[in-house]
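These are my notebook entries on a single chain. I set down what I looked up, entry by entry.

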Amino acid sequence: MRTLVVIMFVWVIMLTGCSQEESIPRVNKGEVDFSGFSLSGANRSYVLSGDWSFAPDRLVDPKQSWPEANTGYMDVPASWEFAPYIGDKAWDRQFGTYRLQIRLHPDDVGQTIGLNMRQISSAYRMWINGQLLMELGTVGTTALTSVPYESPEYVYFVPESSNLQMDIQVSNYAQRKGGIWSGIHIGSQRAIQSDSLPPLVRDCMSAGALLMMGLFYLVFASLYISDRSTLFLGLLSILLGLRTFLFGEVLVISFLPDLLWEWQVKLEYLVEIAAILALNQYLSSIFPEHFSRYVLKFLYLIFGLFAVFVLLTPPVIFTQWLTVFTVLITCTLLYSSCIVYPRAVRQRRLGARSGAIAGIIAFFAVLSDSFYYLCIPLTSEGLINTGFFIYLLTQMAVTVRRYIHLKQESAALTLRLAESNEQLEQKVMQRTRQLTESHRSNSRLLHNIAHDLNAPIALIRQQSKLLQVHVQEDGLHHLKLIGQQSEWAVRLAQNLNDLARLQENEMNFQPTLMSSEGLLRFLYKRTEPIIRGGGFMWSHKSLDDLFEADALLVKVDLFLMERVFDNIASNMLKYALPAGHVSLSYENKEESMEIIFENEVAALTDETLDRMFDRFYQQVPEEGGRGIGLAVCSEIVRLHGGQIRVVQPDKGTIQFVISLPLML
C-alpha cells in the first residue's frame with residue numbers, strides 16, 4: 001500500500017509539472033479574440049487551440065479569400081490521422097491549409113509579438129497578413145515535391161493593426177502524424193523567449209546528466225565491478241541521453257543541421273530499441289534466476305526484426321507501426337515490473353524493492369510519453385527522462401550498495417583466507433618437521449645398514465679368497481660366484497652409504513682442478529678392465545682428436561667421479577647384449593664437456609628412460625639391482641654442477657651422457 005501511494009504521488013507531481021497550459025481564450029470557428037488584454041504586457045504565452053479554419057487537399061494563397069466549398073474546421077492541436085473527414089467529406093490527409101483570424105488589443109499594435117511553432121508535420125509555410133514569416137521543409141502536393149523537415153521555431157513580428165490573419169500551408173507524405181499536432185503559442189517577445197529557454201536548458205541538462213551518469217557506470221564497471229550489469233546500466237544511461245539530445249527540443253538540429261529528417265526519425269526508433277534491450281539485459285544480469293533467458297532471446301528477436309524493418313523502410317511506413325511498437329515496449333516493461341521485480345522482492349534481493357518502485361514510475365512515464373505521441377488525452381511528453389532519471393538514480397544507489405557489499409565480503413574473505421593461510425602454514429611447518437625428522441631417520445637407517453653390512457661382507461670376501469687355494473677345480477666356480485655377489489653387496493652398501501650422506505648433505509665433496517684429458521684417461525683406464533673382463537668389445541674416442549695439452553680444465557672430486565663411472569659401467573654390463581659392443585666418447589661444447597657411454601641393449605620403454613635415475617626404480621626387479629646406483633650418480637653429478645641423462649638414439653642402443661662444466 002505504501003508503495004502504491006508513493007507511485008501515485010510521484011505520478012501526480014510529474015503530470016502537474018508537465019501538464020499543458022490552459023488555453024484562454026480559445027479559438028472558435030477560425031477566430032480568437034485577445035482584445036480583452038494586452039499580449040505585450042503579459043508575462044505568459046497562450047496556446048492557439050481550438051477550431052481553426054481548414055481547407056483539405058488545397059494550398060490556399062493567403063492573399064485569396066477563403067473558399068466556402070469543401071472547407072471546414074480542424075481541431076488544433078491534433079493529428080490528421082484522427083480526422084478522416086472534414087465536414088462530411090473524406091480527404092487524403094496529405095496536404096491542406098489552416099487559417100486563423102486573430103484580434104489583438106490596441107496596445108499590442110507596434111509591439112513585438114512572438115510565436116512558438118513546435119511540432120508541425122512534416123513541412124509548412126506560415127504567413128501573417130500575407131507576409132511569409134516561416135518556411136520549414138518544402139510544401140508540396142505530391143510525395144516528390146514535398147520535402148519533410150521538423151524543428152521547433154520561434155517567429156517574431158510587429159503587427160501594424162489589431163487584426164491579424166495567420167495562414168499555414170502544411171504537407172505530409174513522410175510519416176504517420178500530419179498537421180499541427182502540438183500547440184502554437186503566442187505572446188510577447190519576452191514571454192516566448194521565456195517559454196523557449198526552459199525546455200532547451202532542461203533537455204541540455206537532462207542529456208548531460210544522463211551521459212555523465214552513463215560514463216560513471218562504464219568507468220565503475222571497468223574499474224571496480226567485474227560483472228556486466230553495470231555495463232548495461234551505463235549503456236542504458238547513454239542511450240537515454242542520446243535520445244534526449246536527438247529528440248528533446250530537437251537539439252540535434254542545432255548541432256547537426258544537415259542531418260536528413262528521415263534519419264532523425266530512424267535514429268529515434270533505433271535508439272529506443274537499443275535502450276529497451278539494454279534495460280532488459282541489465283535486469284537479466286542482476287536477476288538471472290528471475291528473468292527468463294527465453295524471454296530475453298525472444299525480445300532480441302522481436303526488437304531486432306523491428307530495427308531491420310525501420311532501417312529498410314521509409315518513415316511513412318514504419319511510423320504506422322508506432323502502436324505495435326508501443327504495445328511491445330509496454331509488454332516488456334510489464335514483464336519486468338509485474339514478474340521479475342516481484343520475484344526478486346520475495347527473494348529479498350539487494351535493491352529489488354527500490355528498483356521495483358522506480359521501475360513502476362519509469363513504466364508510467366514511458367506510457368505517458370508513448371500515449372502522447374498517439375494523441376491520447378491526459379498524457380504528456382517529456383516524462384520518460386524524469387522517470388528513468390529516478391530509476392537510474394536508484395540503481396546508482398543499488399550499485400554503490402553492491403560495491404560496498406562486495407568490498408565487505410572481500411574484506412571478510414581476505415581475513416578468512418589469511419587465517420586459513422596461517423593455519424595451513426602451521427600445518428605445513430609441522431608436516432615439514434615431521435618429514436625432515438622422518439628423512440633423517442631414514443638416512444640414519446640407511447647409513448647404519450650400510451655400516452653393518454660392510455663388516456660381514458668384507459669377511460665373506462676375505463674367506464672366499466682364502467678358500468680358493470684349498471678347493472678343488474670343480475668348486476672354484478661357486479667360490480667365484482660368492483666373490484662376485486660379495487662385490488655387488490659391497491657396491492650396494494657403498495651406494496646406500498652415499499645416498500644417506502647425500503640426503504643429509506654430508507657428502508665429503510672436495511673438488512680439484514684437473515685437465516679434461518687427464519679425467520678422460522682416468523676414465524678409460526678405470527672402465528676398460530671392467531668392460532673387457534665382462535666379455536664385451538670395448539672402444540673409445542682418441543684423445544688427440546679434440547683436446548690440446550691442459551687447455552681445458554674441469555673441477556671434479558675424482559673419488560666421487562670414480563663411483564659414478566663404476567656404477568654406470570656396472571649397469572651397462574648388466575643389461576648389455578651378450579658379446580655386445582661398448583664405447584666411450586666425448587664432445588666439447590661451448591661451456592661444458594660431455595662424456596658419452598654407449599652400448600647395445602634390448603629396446604627400452606619410454607617409462608624406463610624417463611625414470612632411469614629415480615631412486616629404487618627397477619625395470620625388471622627379478623634381474624637384480626635395487627635402483628640406487630644411478631640415483632647416486634645423478635646426485636654426485638649435480639654436486640659438480642653438471643647433468644646426467646640417458647637417451648636412446650635408435651632401437652637397441654642407449655647412451656649415458658654426463659655433462660660437466662668447463663672452467664674457462
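Before turning to the helix pair, I note the convention: a crossing is called left-handed if the near helix is turned anticlockwise from the far one by less than a right angle, and right-handed if clockwise.

Entry 1, the model and the chain. I am working with a predicted model. I looked up its secondary structure and found 15 helices and 22 strands. The chain has 664 residues, of which 46% count as buried. I then checked the exposed surface, which is about 34,300 Å², with carbon and sulfur atoms supplying 57% of it. Among contacts with a separation of 6 or more, 75% join residues 24 or more positions apart.

Entry 2, a helix pair. I examined α13 (residues 558-575) against α15 (residues 629-639); they pack at an angle of about 145°, and their axes lie 9 Å apart. I recorded the crossing of α13 and α15 as left-handed. On the α13 side, I listed L560, R563, V564, N567, I568 and N571 as making the contact; on the α15 side, G629, L630, C633, I636 and V637. I sorted the residues of this contact into seven nonpolar, three polar and one charged.

Entry 3, a loop residue. I located T112 in the loop between β7 (95-103) and β8 (113-117). Is T112 buried or partly exposed? T112 has a relative accessible area of 28%, so I entered T112 as partly exposed; buried would require under 20%. Leaving out residues up to four places away in sequence, I found T112 touching Y156, F157, V158, S188 and Q189. I also checked P159, 47 residues from T112 along the chain, and the C-alpha atoms of the two are separated by 7.4 Å.

How values were computed:
Residues are numbered from 1 along each chain as its sequence is written. This is a predicted model: local features need pLDDT of at least 70, side-chain atom pairs count only at pLDDT 80 or more; totals for chains, interfaces and linings use all residues. Side-chain values use heavy atoms; hydrogens and water are left out. Axes are lines fitted to C-alpha atoms, for helices over the stretch in contact, and angles run from 0 to 180 degrees between N-to-C directions. Helices (H or I, at least four residues) and strands (E, at least two) are DSSP runs, numbered from the N terminus. Contact means heavy atoms within 4.5 Å. Ala, Val, Leu, Ile, Met, Phe, Trp, Tyr, Cys and Pro count as nonpolar, Asp, Glu, Lys and Arg as charged, and the others, Gly among them, as polar. Buried means under 20% relative accessible area, exposed over 50%, partly exposed in between (1.4 Å probe, protein chains only). Accessible areas come from the Shrake-Rupley method with a 1.4 Å probe; for residues, only the protein chains shown count as cover.
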